[in-house]
Amino acid sequence: MYRTDLQVNRALAIAGCALILLASPARADDWDDCQSRDVNKIVVGCTVIITQNTRSTEDIVKAYIARAGSYYRQQLLEQALADLNEALSRAPRSIDALIGRGDVNHRKNKFDDALADFTAALEIDPKSANALLARAGIFMAKRDWPAALSDVDQGLALRPDNSQGYVTRGYIHVQMNNNERAFADYDRAIAISANNAAAFFLRGVLHRRLGSLDQALSDLSRAIVINPRLSAYYVTRSQVFSSKGDLDRAIADLDAALAIAPNDKEIQQARNMALATKAELERMGTSAGGARPPATPPSAANAPTTNNSTAAVAPPNQGPPSEPASLDPEVIRFLNQAAGAYNNRQYDVAIASANAALAKEPNNVVALRIRGNSYNQKREFGRALADIEKALGIRPNDPRLLTILGSIEFNKGEFDKAFATYGRALAGNPNSLDALTNRATILRDRGQFDAAMIEIDRALAINPNSAISLTTRGTIFERKGQVDRALADYDRALAIDPGYTRATQQKAALLATRGRPPAATTAPGQSPAQALTAQAAQLMQQRKSEEAIAVATRAIDADPKWAQAYAVRGLAHLTLGQDTQALEDLDQAIKLKDRDTILLNTRGLLLVSMKRLDDALSDFDHVLTIDPKNADAISNRGYVFRLKGDLPGAMVEYDRALAINPRHAPSLSGRGVVFRLQSQHDKAIAEFDRALATNPRFVEALANRGVSLVFKGRPAEATADFDRVLEVEPNNPQAFFGRGLAMLATGQPERAIAAFDLALANKASDNALIHMLRARAFFAKNDLDMAMTDLDLTLALRPQFPEALTARGLVWTKKLDYDRALADFDRSIELEPNAIESYHSRAGVYEKLGKVDLAMADLRKAITLAPKSIFDLAAQTDARKRVERLEKNVPCGNVGAANAQETCL
């Protein structure tokens with residue numbers, strides 16, 4: 001079960017036990033805000049009552065309890081606890097305060113403290129149903145089911161109409177294996193309240209456990225109709241659909257769950273496994289939408305192979321067997337787990353899951369294959385060989401098994417044996433891409449370049465878009481001294497898979513040493529500097545940047561005028577984030593090779609990252625004096641104009657680049673960013689889609705498309721884009737920024753803060769913006785001091801930032817400092833006269849000050865403008881509602897006139 005017990009236990013433990021907000025008689029208008037349903041109004045209203053200290057002790061205690069309830073609902077547990085302690089210091093026998101404090105301690109997992117509070121409340125009033133149900137929740141958390149049942153029984157005897165109490169008791173009965181009693185309680189809960197989603201959900205879970213899948217589907221669907229915002233409901237129903245073999249509907253439910261909880265890794269993994277299982281079934285020719293067929297594990301075709309060769313052997317494909325892997329559902333589950341873990345490079349987990357499958361079916365070939373390949377990746381070749389040879393004893397000519405065997409032999413350095421084994425694999429499957437690519441690698445390393453080219457061309461005829469095969473062919477061209485053709489293959493490989501590290505490294509090393517023959521064929525004629533530079537490039541290829549720097553320095557010592565050595569050392573510094581040192585080396589390389597357009601473009605982009613925009617522009621212009629049709633340089637100029645705020649100028653440059661190369665992904669993406677900055681998100685998304693059609697893993701386009709999707713109200717799709725960026729670049733600050741924005745837009749301030757922290761830690765380009773957004777997340781948590789700290793940082797960086805002034809005005813408003821709030825809103829509107837949120841926020845202050853005519857003027861202005869942000873959208877929606885409300889309640893005629901007596905309706 002997907003964490004259902006944990007989630008339900010938590011929910012039921014506090015069901016019916018939320019902090020009691022006492023409703024005192026409406027003696028004075030002061031109580032309106034303190035008793036409202038709006039958590040912010042409660043805090044303001046109750047704070048006034050508490051700080052005035054002019055009311056009775058009883059009233060002040062009620063205000064503390066009410067404010068604690070507001071804090072509790074906002075997850076501000078320490079503030080809630082402080083208020084409840086204050087209430088109990090004034091009224092030690094307040095049952096409501098004791099129950100409230102018990103709830104807070106329960107939420108903080110301080111079960112013993114909570115138990116003491118609920119027990120104390122029951123000592124004062126043994127017939128408090130709320131205290132009994134709350135204490136039952138603690139016993140449930142401690143898994144003391146008899147004690148929990150006793151308390152719920154007593155609570156229901158006092159409150160026999162409590163629907164949620166029957167749900168709680170039904171859950172306890174399930175834990176005590178009293179299924180019939182559980183059904184009776186769930187039925188009773190539904191009879192009392194036909195909209196009790198938890199009752200339908202738990203009854204559906206119980207039906208599922210007992211194998212009544214149709215009844216389970218009926219109940220779970222009803223729960224989702226009542227409450228469509230709980231991810232656990234969709235996940236559980238997806239499991240029922242999966243059990244019935246309806247993978248399409250199972251995946252749809254997991255998509256719905258991810259729309260609610262986009263960062264939930266377990267749901268993501270469940271969805272990935274469902275998609276992989278569906279794909280395998282379709283490849284087997286079995287429908288994924290009817291009766292449940294036998295499942296097979298997903299492919300691990302993209303998993304890496306580890307070896308010490310300069311060109312890694314292509315990983316063996318983990319495709320499905322030609323017959324079902326198993327008919328045992330438990331074995332199928334273990335196989336799916338194993339294959340999923342292999343695909344995620346979690347080889348120990350894959351081995352453990354394969355072990356579980358093999359414990360039930362010792363000769364399961366799929367389990368042996370996955371475990372053997374996992375051992376191969378871990379370089380435990382003895383164990384890998386034992387598994388694959390055992391599997392081959394069952395299926396002697398299986399091409400996939402033979403390919404894995406060849407990979408093991410290759411990784412052990414037994415190249416002749418591997419070559420022969422790949423030949424056996426090709427006899428069984430002449431179109432084995434992996435076997436052809438790996439044979440080409442062996443032939444290349446033997447120096448048989450023409451034979452290698454025949455094999456790799458066969459591989460590319462099968463799949464022209466294999467990044468591995470293209471890179472392998474690039475290395476063959478490179479060994480033959482055909483540098484331009486090698487670079488073309490590396491570029492094609494990276495266009496297909498920008499995250500393919502080996503292609504990136506091969507290209508970087510080749511560019512750094514361009515102009516000299518490859519080391520393998522010209523070593524006798526190399527100078528010491530050339531040989532050392534080649535060694536440094538090789539170390540970079542192995543991700544040993546610090547060692548590369550040391551070797552490149554030796555090359556420079558040997559020949560201070562060898563430009564390639566400075567270039568390699570500069571690139572190594574760049575990979576370590578050492579921008580200043582990188583710039584020094586690139587400067588020196590360009591002094592020695594001042595017409596190298598690649599070096600100039602590289603230095604220009606580095607200067608952009610260092611905020612030296614005019615210097616960067618000079619480099620890009622220099623490139624264009626050498627090569628007037630260099631699309632990269634033209635696009636880079638557009639980037640600089642964009643950063644300078646010249647969006648029309650940027651668009652001109654992007655269009656110039658696209659006139660030269662209509663599929664130039666950076667320019668397509670750049671156009672998208674310009675549209676996004678102009679709030680034309682539909683046009684922006686269309687441009688990002690065009691860029692991604694050219695390069696499906698282009699991180700700039702993915703990250704910016706995600707931001708536009710957030711503004712379009714599609715946070716689940718946006719989060720998927722940000723996740724794809726982080727797969728390619730695990731520390732991409734733009735992706736963290738986008739995830740923070742998505743979390744903020746969906747009301748998840750804690751997650752937003754965590755994402756913005758990561759964006760700042762990874763050198764985001766606009767710290768002022770991120771501090772402003774993080775301040776809004778703190779504001780959403782009601783942490784006004786932290787919000788103000790971030791806003792002060794923002795305005796120190798950008799004193800004329802209208803959005804930050806508006807945000808600070810909101811904080812001043814919350815702090816009841818209306819003069820400062822108005823000053824910030826006035827300044828924000830002066831800087832940006834079309835800022836909807838500023839007018840809306842200023843109207844709120846005017847309304848609090850009784851200046852209804854000024855409030856109406858601002859609100860009417862707000863509803864006439866075009867929204868430019870998610871904050872504008874929310875403000876405009878609320879502004880329309882407030883205009884309607886005020887129009888119904890303000891005096892007729894001259895708004896605000898002292899002699900107006902009638903009320904407009």
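## Side-chain contacts in a predicted all-chain view

R439 lies over the face of F419, and the distance to the ring centre is 3.9 Å. A second arrangement of this kind involves K814, whose charged end sits over the ring of F779 at 4.7 Å from its centre. Both descriptions, like everything that follows, come from a predicted model.

### The chain as a whole

The chain contains 49 helices and zero strands. Of its 905 residues, 53% are buried. Among the contacts in the chain with a separation of 6 or more, 54% are between residues that stand 24 or more positions apart.

### The disulfide

The structure holds one disulfide, and its partners are C34 and C46, with an S to S distance of 1.9 Å. A disulfide is a covalent bond between the sulfur atoms of two cysteines. C34 belongs to helix α2 (residues 31-34) and C46 to helix α3 (residues 39-52), so the pair ties together parts that are twelve residues apart in sequence. The torsion about the S-S bond of C34 and C46 is about 95°, and the disulfide is therefore right-handed. As for their surroundings, C34 is buried and C46 is buried as well.

### Salt bridges

The structure holds 52 salt bridges, and three of them are described here, beginning with their partners and distances.

| Acidic residue | Basic residue | N to O distance |
|---|---|---|
| E86 | R90 | 2.7 Å |
| D655 | R671 | 2.7 Å |
| D817 | R820 | 3.6 Å |

The partners E86 and R90, whose side chains meet in a salt bridge, both lie in helix α5 (residues 77-90), where they are four residues apart, or about one turn of the helix. E86 has a relative accessibility of 34% and so counts as partly exposed, and R90, with a relative accessible area of 37%, is likewise partly exposed.

The salt bridge between D655 and R671 links distant parts of the chain, for D655 lies in helix α36 (residues 647-660) and R671 in helix α37 (residues 665-677), 16 residues apart. How is each of these partners placed with respect to the surface, buried or partly exposed? D655, at 36% relative accessibility, counts as partly exposed, whereas R671, at 15%, falls under the 20% limit and therefore counts as buried.

In the salt bridge that D817 forms with R820, the closest N and O atoms are 3.6 Å apart. D817 is partly exposed, with a relative accessible area of 24%, and R820 is also partly exposed, with a value of 47%. Elsewhere, salt bridges that share partners join D621, R637, E653 and R656 into one network.

### Aromatic pairs

A search of the whole structure finds four aromatic pairs, including one formed by F201 and Y233, which is stacked, with 4.5 Å centre to centre and 20° between the planes. F201 lies in helix α12 (residues 197-209) and Y233 in helix α14 (residues 231-243), so the pair ties together parts that are 32 residues apart in sequence. Both F201 and Y233 are buried.

Which geometry do the rings of F737 and F756 adopt? Their centres are 6.5 Å apart and their planes stand at 40°, so the pair is tilted; stacked pairs have planes under 30 degrees apart and edge-to-face pairs have planes over 60, which is why an angle of 40° falls into the remaining class. F737 is part of helix α41 (residues 733-745) and F756 is part of helix α42 (residues 749-761), so this pair ties together parts that are 19 residues apart in sequence. F737 is buried, and F756 is buried too.

### The surroundings of S94

S94 lies in the loop between α5 and α6 (95-107). With a relative accessibility of 12%, S94 counts as buried. The side chain of S94 reaches the backbone nitrogen of A97 at 3.1 Å. When residues up to four places away in sequence are not counted, S94 touches I65 and L88. L88 falls within the residue range 77-90 of helix α5, the helix that also holds E86 and R90.

Conventions: Residues are numbered from 1 along each chain as its sequence is written. This is a predicted model: local features need pLDDT of at least 70, side-chain atom pairs count only at pLDDT 80 or more; totals for chains, interfaces and linings use all residues. Side-chain values use heavy atoms; hydrogens and water are left out. A disulfide is a pair of cysteine sulfur atoms within 2.5 Å. Helices (H or I, at least four residues) and strands (E, at least two) are DSSP runs, numbered from the N terminus. Buried means under 20% relative accessible area, exposed over 50%, partly exposed in between (1.4 Å probe, protein chains only). A salt bridge is a side-chain nitrogen of Lys or Arg within 4 Å of a carboxyl oxygen of Asp or Glu. Rings of Phe, Tyr and Trp (its six-membered ring) pair if their centres lie within 6.5 Å; planes under 30 degrees apart count as stacked, over 60 as edge-to-face and the rest as tilted. A charge sits over a ring if NZ of Lys or CZ of Arg is within 6 Å of the ring centre and within 35 degrees of the ring normal. A polar contact is a pair of N or O atoms within 3.5 Å; within protein, one must be able to donate a hydrogen and the other to accept it, and residues adjacent in sequence count only if both atoms are side-chain atoms. Contact means heavy atoms within 4.5 Å.
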